[in-house]
Every structure is written in C-alpha cells, then in structure tokens.
Amino acid sequence: MEPPPALSNWDMIKWFEDLAENAGPVQTQTLRRILELNCGAEYLKKWLGDIHFEDVDDDSIESLFTSLVPLASHSDLEPYIQRIADGDTSPLLTQHPITTLSLSSGTTEGRQKYVPFTCHSSKTTLQIFSIAAAYRSRDYPIREGGRILEFIYGSKRIKTKGGLTVGTATTHYFASEEFKIKQENTKSFTCSPEEVILSGDYKCSTYCHLLLGLFFSNQVEFITSTFAYGIVQAFRSFEELYKDLCNDIKNGTLSTSIIVSPKVRFSVLEILSPNPCLASKIEAICEELKEKEWFGVIPKLWPNAKYVYSIMTGSMQHYLKKLRHYAGELALVSADYGSTESWIGVNVDPTSPPEDVTFTVIPNFSYFEFIPLYRHNQDFTSAAAADDDFMEGEPLPLSKVEVGQQYEIVLTTFTGLYRYRLGDVVEVASFHKGTPKLNFICRRKLILTVNIDKNTEKDLQLVVEKGSQILMSQSRAELVDFTSHAHVEAQPGHYIIYWEIKGEVEEHVFQECCGEMDASFADHGYIVSRRTNSIGPLELCIVERGTFKKILDYFLGNGAALSQFKTPRCTNNHFLLKILNVCTMKRFHSTAYG
C-alpha cells in the first residue's frame with residue numbers, strides 16, 4: 001500500500017486516487033498490518049490475548065478489535081511510554097524496540113508529552129509531502145532544481161534515562177534521510193543548510209533563512225513554514241533586520257552580533273559570496289516597501305515565487321490577515337493536517353482559500369475511527385457525557401462517517417498507539433472517492449468555561465474577530481496576537497482576553513471592542529450566566545509589545561521548537577499568566593450586559 005519510490009507527479013496522483021477509491025478495504029488492511037506487526041506487544045496482549053489475526057477474516061477484524069480494545073487517552077499509554085523512556089526494551093507498545101520519542105508542542109494542555117516515533121513516522125511524512133507536492137504541481141507548476149525558502153526549525157535533542165533520543169517530531173524529520181529524499185524527489189531544494197535548520201536558536205536560524213533566501217531570491221519557487229505563525233514571525237523580524245541583511249549580502253559576511261555559532265557561520269559563509277548589486281536592489285525595494293507598511297514584500301523580493309505554503313487552520317487563522325498583507329496577490333496554500341501522533345489528511349485542492357480548505361484522509365497511514373459528537377440540544381444515541389459541550393455516539397469506521405457530522409478522531413498507529421483519542425474535532429465536508437474530506441473545527445480541551453458556559457477555540461476566534469473589526473475600523477492599529485483565561489479565583493468568575501497591539505488606539509475604542517466581544521459569545525450557557533451575573537463582565541487586558549515573544553521564548557526554553565509552536569488561545573498555565581499579568585498595561589471591563 002506504499003507508493004513506489006520516485007514517482008512522477010502524475011503517477012503519484014494516480015496512486016493516491018486509487019488508494020482513496022478503495023479507502024474502506026485499505027483501512028481494513030491497514031489495521032490488519034498494524035495488529036500482525038505488533039500482536040506480541042504487552043499492551044495489545046493485555047486486551048487481545050493470543051488471537052492470531054492471520055486467522056481472522058476481513059469482515060470481522062475491525063469489530064473484533066474495537067470490541068476488545070478500549071478507547072485510550074495519552075494518560076492510559078503514558079506508563080508504557082515512560083517505561084520505554086527509562087530503557088525497558090521488551091515489546092511494550094510495538095514488537096520492535098522504540099529508540100526515539102517525539103515531544104508534543106505542549107501548547108494545548110500546558111505540558112509536553114512523549115509520543116513514540118519510528119521509521120514509519122518519517123516515511124509517512126515523506127509520503128504526505130510527496131502527495132501534496134504532486135497536487136500543487138497541477139495548479140502551481142514550479143521549475144525543477146528551484147529553491148524553497150523554508151522557515152523551519154529544529155530544537156535540541158536530549159537523551160532519556162534509558163538512552164532514547166527525545167526531540168520534536170519536526171526535529172527528527174529535518175535530521176532524517178527522508179528530508180533529503182523529499183528534496184531529491186520533488187526537485188526543490190531548501191535555501192538553508194542543515195546546520196541552520198538544526199541550530200536550536202530560532203533567532204539565528206531566522207536570520208540565516210532570510211539571508212540565504214535573499215541570496216537565492218531569483219531561484220525561490222515558494223515560501224513555506226510548518227505553521228503560518230513561522231512566516232509572520234520571520235517577516236516581522238525582517239522589518240527590523242533588512243539593513244543588516246543587505247550589508248551581509250553586499251560584503252559576503254555574517255553579522256557577528258546575531259550569529260555566534262561557529263558551525264552555523266561556517267555553513268552559511270561557504271554559500272555566501274559578496275553581491276553589492278543585489279544588496280543595493282534589495283535595500284531600494286525595502287525602503288519603498290517600508291512606506292507601504294511592507295505590503296506585498298514577498299512577491300517584490302522573490303519575483304519567481306508561485307505561492308506561500310503553510311498550515312493556516314485552527315489557531316493559525318488569526319495570522320492570515322498579516323500573511324496576506326506580506327504576500328500581496330501571491331496565492332496562500334494551506335498545508336496538510338497532522339499531529340505529533342500521526343499524519344491524517346492531505347490538501348488535494350490547493351487553490352481553495354485557507355478558510356475553506358479540507359483535508360482528504362490518507363487511509364493507509366493509520367487506522368481511523370470517528371466518535372460522533374452532538375451538541376447538548378441535539379438528538380443522540382448511545383451517548384456518554386463529555387467534559388465539554390458535546391455528547392458522544394459510538395465510534396464509527398472511516399467508511400461509515402456522514403457529511404455534515406462532527407467527530408473526534410481516534411487513531412490506531414503503526415507506532416504503538418491503539419484507539420487513541422486525539423482530541424481534535426473535525427467535520428466531514430464531503431468525500432474524495434471513498435475517503436472523507438475533513439474540516440478542522442477545534443481542539444476539544446481548549447475551552448473557556450466558568451459556570452454552565454462552554455466556548456471552544458473556534459468560538460473565541462469568532463469573538464476576537466468581531467472585536468478586531470472595530471479596532472481596525474476606528475484606528476490603524478493591528479492585533480498582533482491574543483490569548484484568554486477563565487478567571488475563577490474570585491466570584492463571579494469571568495473571561496479575560498489578552499491583546500497585544502501594534503499602533504496607537506484611543507481608550508474608548510478598546511472599551512467598545514471589549515463590549516462587542518462580550519456580547520458576541522453565542523453560547524446559551526454564557527448568555528444566561530451573564531444575564532444573571534453568574535459570570536462577571538468580560539475583561540480585556542492590553543499587554544505591552546513583545547509579550548507574546550516572551551511566551552514563545554518560554555515554550556522554546558522548555559524544549560519546544562518554533563516549527564511546532566502555536567500560541568495557546570486559552571491558558572491556565574501559571575507561568576504564562578504571570579507573564580501576561582506582569583505585562584498588562586491597561587484593563588477594560590465590558591458593559592454589554594449593563
């Protein structure tokens with residue numbers, strides 16, 4: 001079920017179309033392969049005993065597996081993963097020993113988790129990148145041998161007590177052979193050497209990415225980063241650094257005040273050579289763009305770029321406005337859908353606007369189940385109460401999902417996760433052949449709640465958008481970033497929304513934004529609680545410039561990588577709240593409910 005190596009773009013698309021056409025049977029075979037490979041693992045034997053799956057027919061294997069193995073969360077598997085980390089080499093989750101662990105970003109639940117990483121993880125990353133590149137090539141053909149300006153970042157890798165390598169999934173991939181193979185297969189080569197990508201210093205890496213991207217400016221075919229935040233962060237830095245960058249291009253040097261690592265310096269200086277003509281041209285363009293607040297900087301400096309490519313859904317939607325500002329008329333193409341645990345879906349419609357993107361499930365990567373989710377005011381059957389605003393139906397296989405229904409994704413992976421609840425809420429938008437196309441809705445655990453109210457990350461995003469529309473209509477200020485907190489230490493509890501602003505804003509505008517956001521929460525529990533004063537007025541806190549950089553630095557200092565960083569949209573993290581409250585300059589309270 002794996003594609004032959006080095007397929008042409010047309011052949012890769014044909015291979016995936018055939019896979020999608022037969023998604024149901026492919027899922028059955030994927031589950032069979034996982035169980036046959038790992039049936040001797042301690043965790044599976046606990047539930048399945050000594051069942052020989054080669055004797056189980058295709059019609060029975062899925063129902064047998066789901067009837068015997070319970071749904072699991074990370075906490076259920078954590079004792080096994082910890083034993084692996086501590087050096088236990090017996091078959092605990094997989095038949096073959098696990099030697100590498102990935103770290104989740106930690107921005108959802110406030111702490112990073114260990115997740116098994118195997119050669120299958122790197123192979124599926126190579127495969128999804130190849131599938132996605134093939135579909136993009138139909139709408140945005142690029143030159144063979146061209147360059148990619150990739151704002152990608154590894155973090156430092158450490159060893160556990162048992163000698164296992166630990167790092168982020170992106171770091172493992174960037175250091176893998178598959179990352180090099182991907183460039184060869186797609187005939188597109190990153191501007192930056194490995195030493196820059198894996199430096200572990202995001203400021204140093206960003207400077208070098210920009211420098212080498214400018215040096216190869218006429219060869220760059222597209223600009224990319226794992227998340228939209230990475231591109232926006234890079235160009236915000238560019239606004240401050242362009243004179244230093246031009247100086248280094250002019251002289252073929254590397255700023256000693258920014259780049260101190262000898263290994264990084266050597267790798268970059270091996271590529272650079274003095275180019276005064278290019279430096280002058282770039283500086284002239286930058287002086288002109290500065291007057292236009294850097295609108296369209298990407299196509300101006302990279303004239304042959306075809307598109308900007310990144311994950312732009314979920315918590316990244318906030319950055320779309322700024323990304324469009326930098327990209328001008330250049331197309332924004334949403335990248336694919338995955339998690340530290342597994343890749344899930346590929347974007348086969350690259351011309352779709354990021355707001356409308358769907359992700360086509362890749363049926364041979366993992367075995368997927370879908371838990372139907374119903375709002376409390378909807379009908380549901382066989383449902384159990386959840387800790388958020390959803391009731392749950394019985395998990396369904398991929399072939400039984402319905403268009404328009406929302407689900408939580410459940411994964412069974414080749415890397416030792418069995419019926420693992422991912423916590424992502426998706427909606428089935430349509431089907432591509434026989435496999436569903438998903439809209440990402442939100443993370444289940446990211447909710448604001450004080451009383452009977454329950455507001456998701458998506459609800460918060462819509463509310464902040466309403467407030468920011470007032471901000472933009474009444475000032476020239478920009479909402480740089482935001483987060484929130486449900487404050488319950490005093491009664492009545494209330495929501496706090498933290499904004500970082502670039503530009504001057506009169507206080508009455510902030511007050512209006514605050515009231516508009518409070519009135520825009522559509523959750524019935526919130527409205528009733530506000531009317532009865534069971535929830536207090538919403539509080540808007542304006543934090544000083546650079547506050548969200550401090551939050552980024554906090555996460556990176558605790559082992560996260562910029563390639564995986566997502567600003568937490570709702571937080572109870574004590575350290576983050578301390579940063580936010582220390583940096584708060586002004587507070588406003590809503591008068592929306594009198």
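Select arginine 421 first: at 24% relative accessibility, this residue counts as partly exposed. The model is a predicted one. Display the side chain of glutamate 408 as well, since the two residues form a salt bridge whose closest N and O atoms are 2.8 Å apart. The bridge joins distant parts of the chain, with glutamate 408 in strand β17 (residues 406-412) and arginine 421 in strand β18 (residues 420-432), 13 residues apart. In contrast to its partner, glutamate 408 is buried, because its relative accessibility is 3% and the limit for burial is under 20%. Extend the selection to Glu392 and Arg444, which are linked with Glu408 and Arg421 in a network of salt bridges.

**Strand β17 and its neighbours**

Next, colour strand β17 as a whole. It is mostly covered, with 7 of its 7 residues buried. Which residues lie on either face of β17? Gln406, Glu408, Val410 and Thr412 are on one side, Tyr407, Ile409 and Leu411 are on the other, and all are buried, so both faces are covered.

Add the two strands that pair with β17. Strand β13 (residues 367-375) runs antiparallel to β17 and is joined to it by 7 bridges. Within this pairing, tyrosine 367 stands opposite threonine 412 of β17. Strand β18 is also antiparallel to β17, here with 5 bridges. To locate this pairing in the viewer, select leucine 411 and tyrosine 420 of β18, which stand opposite one another. Strands of a sheet pair through backbone hydrogen bonds, either parallel or antiparallel.

**Two further salt bridges**

A search of the whole structure finds 31 salt bridges. Another one to display is that between the side chains of arginine 587 and glutamate 539, at 2.7 Å from N to O. Arginine 587 belongs to strand β25 (residues 584-589) and glutamate 539 to strand β24 (residues 539-543); the two are 48 residues apart, and the pair links distant parts of the chain. Are these two residues buried or exposed? Arginine 587 counts as partly exposed at 41% relative accessibility, whereas glutamate 539 is buried, with a relative accessible area of 6%.

Then select arginine 83 and glutamate 42, whose salt bridge has its closest N and O atoms 3.0 Å apart. This pair also links distant parts of the chain: arginine 83 lies in helix α5 (residues 74-85) and glutamate 42 in helix α3 (residues 42-48), 41 residues apart. Arginine 83 is partly exposed, with a relative accessible area of 32%, and glutamate 42 likewise counts as partly exposed, at 33%.

**The open sheet beside helix α5**

Now display the sheet formed by 4 strands in the order β2-β1-β5-β4, an open sheet with mixed pairing. Its edges are β2 (114-117) and β4 (158-159); each has a single partner strand, so one side of each is left without a neighbour in the sheet. Strand β1 (residues 100-103) pairs with β2 in the antiparallel sense over 4 bridges. One position to label is leucine 101, whose bridge partner in β2 is proline 116. Helix α5 packs on this sheet, touching β1 and β2, and its direction makes about 65 degrees with that of β2.

**Helix α6**

Move to helix α6 (residues 119-139) and place a distance label between its end C-alpha atoms. They are 31 Å apart, which agrees with the 30 Å that 21 residues should span at 1.5 Å a residue. The helix is mostly covered, as 15 of its 21 residues are buried.

Within α6, select alanine 132. This residue is buried, with a relative accessible area of 1%. Which residues does alanine 132 touch, not counting residues up to four places away in sequence? They are Tyr309, Asp336 and Val346. Tyrosine 337 is 205 residues from alanine 132 along the chain, yet their C-alpha atoms are separated by 11 Å.

**Serine 468 in helix α16**

Finish at serine 468, which lies in helix α16 (residues 457-474). Serine 468 is buried, with a relative accessible area of 7%. Show the backbone of glutamate 465 too: its oxygen lies 3.0 Å from a polar atom of the serine 468 side chain. An α-helix has 3.6 residues a turn, so residues three or four places apart point the same way. To complete the view, display Leu479 and Trp499, both touched by serine 468 when residues up to four places away in sequence are not counted.

Technical notes. Residues numbered from 1 in each chain as written. Predicted model: local features only at pLDDT ≥ 70, side-chain atom pairs only at ≥ 80, totals over all residues. Heavy atoms only, no water. Salt bridge = Lys/Arg side-chain N within 4 Å of Asp/Glu carboxyl O. Buried < 20%, exposed > 50% of the residue type's maximum accessible area, 1.4 Å probe, protein only. Polar contact = N/O pair within 3.5 Å; in protein donor to acceptor, adjacent residues only side chain to side chain. Contact = heavy atoms within 4.5 Å. Expected span 1.5 Å × (residues − 1). Pairing = 2+ DSSP bridges. Axes fitted to C-alpha atoms, helices over the stretch in contact; angles between N-to-C directions.
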